[in-house]
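Q: Please take a close look at a single part of this structure, and set that part in the context of the chain as a whole.

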Amino acid sequence: GLVNTKPSLLLEPQSTNLIPYSEDFSNSAWTKNNVTVTSGFASPDGTNSAYLMTDDATDSKHGVYDVDILSQDGNIYTRSVFVKKGTARYVVLSARHIPTSSGTSWIYDFDSNNWVLTGSSGAGQSIKNYANGWVRLSVSHISNSNFNNDFSIGISSGATVSDASYSGSGDTLYIWGAQIEQLSYATSYIPTNGSTQTRSGETCNGAGTSSILPSEEGI
């Protein structure tokens with residue numbers, strides 16, 4: 001096929017981050033489920049706003065979750081979060097407040113940089129690698145019941161949903177920048193601190209003027 005080597009602009013649509021506290025995992029909006037969260041670690045934006053999640057010895061699920069974020073409207077929503085490996089190998093994301101179903105849970109393996117469990121009833125999932133070991137995970141899912149309108153971010157001991165319930169031993173995971181948006185894919189991160197935030201859609205003005213590009217470019 002033909003390869004387009006001409007420069008192009010990637011313009012993002014308007015989008016809203018529906019998570020009210022996208023970075024402050026210590027806030028009570030995030031329920032801590034058999035983990036502690038500690039602030040002050042280097043984050044992808046060059047500040048020290050990342051959190052370290054540490055599991056405890058409870059034989060159960062380990063993570064943080066934000067409940068009843070979405071309406072049950074049948075629309076596709078995409079959840080995303082930046083993660084970085086501590087000592088835990090597996091990250092478990094869920095559209096429920098606790099990962100109990102393979103249909104609403106996704107598990108990422110740092111060692112293979114790949115998904116080892118993928119949920120159903122959605123538009124898929126993606127992995128984007130960033131500097132300093134950070135990875136942005138995103139999962140898309142249809143919100144149609146109170147069994148899939150939450151966002152849970154946690155640690156799993158293995159590649160199956162049953163492995164998300166285990167006796168912890170102080171394993172760690174760095175987290176930053178949680179986002180939920182009503183799209184079938186993740187757009188660039190929109191920070192929030194206490195309320196949802198909307199980024200305006202990007203437009204391109206003046207791209208066809210002769211003062212920017214010479215006429216022989218064929219604009």
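**A close look at threonine 36**

A: Leaving aside residues up to four places away in sequence, threonine 36 touches Leu52, Met53 and Thr54. This is a predicted model, and in it threonine 36 belongs to strand E3. For one of the residues just named, a distance can be given: threonine 36 and threonine 54 are 18 residues apart in sequence, while their C-alpha atoms lie 5.3 Å apart in space. Threonine 36 has a relative accessible area of 48%, and because exposed means over 50% and buried means under 20%, threonine 36 counts as partly exposed.

The strand that holds threonine 36 also takes part in the interior of the chain. The largest nonpolar core has 32 residues, and those with the most contacts inside it are Val64, Val83, Leu93, Phe151, Ile153 and Ile175. Strand E3 (35–41) supplies at least two residues of this core, as do, among others, strand E4 (50–55) and strand E6 (75–85). Strand E14 gives the most to this core, with four residues. A second, separate core comprises six residues, including Tyr90, Ile107, Leu117 and Val161.

For the chain as a whole, the secondary structure comes to zero helices and 15 strands. Of its 219 residues, 43% count as buried, and the chain exposes about 10,400 Å², of which carbon and sulfur atoms supply 48%. Among contacts between residues at least 6 apart in sequence, 70% join residues at least 24 apart.

How values were computed. Residues are numbered from 1 along each chain as its sequence is written. This is a predicted model: local features need pLDDT of at least 70, side-chain atom pairs count only at pLDDT 80 or more; totals for chains, interfaces and linings use all residues. Side-chain values use heavy atoms; hydrogens and water are left out. Buried means under 20% relative accessible area, exposed over 50%, partly exposed in between (1.4 Å probe, protein chains only). Contact means heavy atoms within 4.5 Å. Accessible areas come from the Shrake-Rupley method with a 1.4 Å probe; for residues, only the protein chains shown count as cover. A nonpolar core is a set of buried Ala, Val, Leu, Ile, Met, Phe, Trp, Tyr and Cys residues joined through side-chain atoms within 4.5 Å.
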